[in-house]
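Reader: Hello! I would like a close look at a single helix of this structure, with the cut-offs spelled out.

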Amino acid sequence: TSNKMEKVTFGKDGSIPGYECGPKTAPGIIVLQEWWGITDNIKRQAQHLGGYRCLIPDLYKGKLGVNVEEAHHLMENLDWPAAKDEICEAAKYLKDTGSPAVGAIGFCMGGALTLIGAQHSDDIVCAAPFYGTPDPSICQTEKITKPVQAHFGEEDAMAGFSDPAAAAKLGENLKAAGNTEAEIFMYPGVGHAFMNDMPGPFADFEARKETMGLPPYNEEQAKLAWERVLTFFDKHLKTSG
């Protein structure tokens, strides 16, 4: 099926690796990874976006964080300005090869990167970040006027990055930008990474809770978020192309 993941390369010299699924002529969505890298979870997220063409840029170039320490190390060592450029290249690639319009979605680290893409890529028309906000040195969210639909868990404890205060700050900044198409959704009873229906890299959700303090998967909240996000992309990508 067209929802099968294929390895691709893109960019000016074809050196950026990634994974793609969906019909080439459909509107494109860049799907941005968590700090773990390109896991089964992030591929599953892309496959949730049926009817779209999804591209997951492999910002870690094949590396995976198999535990919190490694993932933290990979994220700390990420060249954020280079990642920003790769997201811009990803959007350009999707448009140049058949997608009429391009949006972005991302989770955790990818949530921050989604907002970076929205600010810095002219090809990205809308953004749906999940539980992640960018460092103001690389992205000034108070300048983003494109449609943004952001999602955060009320139990998220990652201070300054994705906790309720960070979510509120993002809302204030988008309002300051005069953004009339900005929505911040808060989800009760769930925390960081609440969209992951697989506990990986942990054995189960109990182990994930023990290590990271995250509440277990709540299907009802995740389903609600997927419904909202698909409605958002349908509105902004299927009409603007």
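Author: Happy to help; here is a walk around helix α7.

This is a predicted model, in which local features need pLDDT of at least 70, side-chain atom pairs count only at pLDDT 80 or more, and totals for chains, interfaces and linings use all residues. Residues are numbered from 1 along each chain as its sequence is written, and side-chain values use heavy atoms, leaving out hydrogens and water.

Helices here are DSSP runs of H or I with at least four residues, strands are runs of E with at least two, and both are numbered from the N terminus. Helix α7 covers residues 219-237, and its 19 residues reach 26 Å from first C-alpha to last, close to the expected 27 Å; that expected span is 1.5 Å times one less than the number of residues.

Just ahead of the helix, Asn218 caps the N-terminal end of α7, with a side-chain oxygen 3.0 Å from the backbone nitrogen of Glu220.

Now for the sides. Buried means under 20% relative accessible area and exposed over 50%, with partly exposed in between (1.4 Å probe, protein chains only). The buried residues of α7 are Gln221, Ala222, Ala225, Trp226, Val229, Phe232, Phe233, His236 and Leu237. Seen down the axis, these fall within an arc of 135 degrees, so they line one face of the helix; the arc is that of the directions from the helix axis to the C-beta atoms. An α-helix has 3.6 residues a turn, so residues three or four places apart point the same way.

Turned away from that buried side is a face carrying the exposed residues Glu219, Glu220, Lys223 and Thr231. As for the cover over the buried residues of α7, it includes α1 (40-48) and the strands β3 (28-32), β5 (102-107), β6 (124-130), β7 (148-153) and β8 (182-187), where contact means heavy atoms within 4.5 Å.

Note on methods. A polar contact is a pair of N or O atoms within 3.5 Å; within protein, one must be able to donate a hydrogen and the other to accept it, and residues adjacent in sequence count only if both atoms are side-chain atoms.
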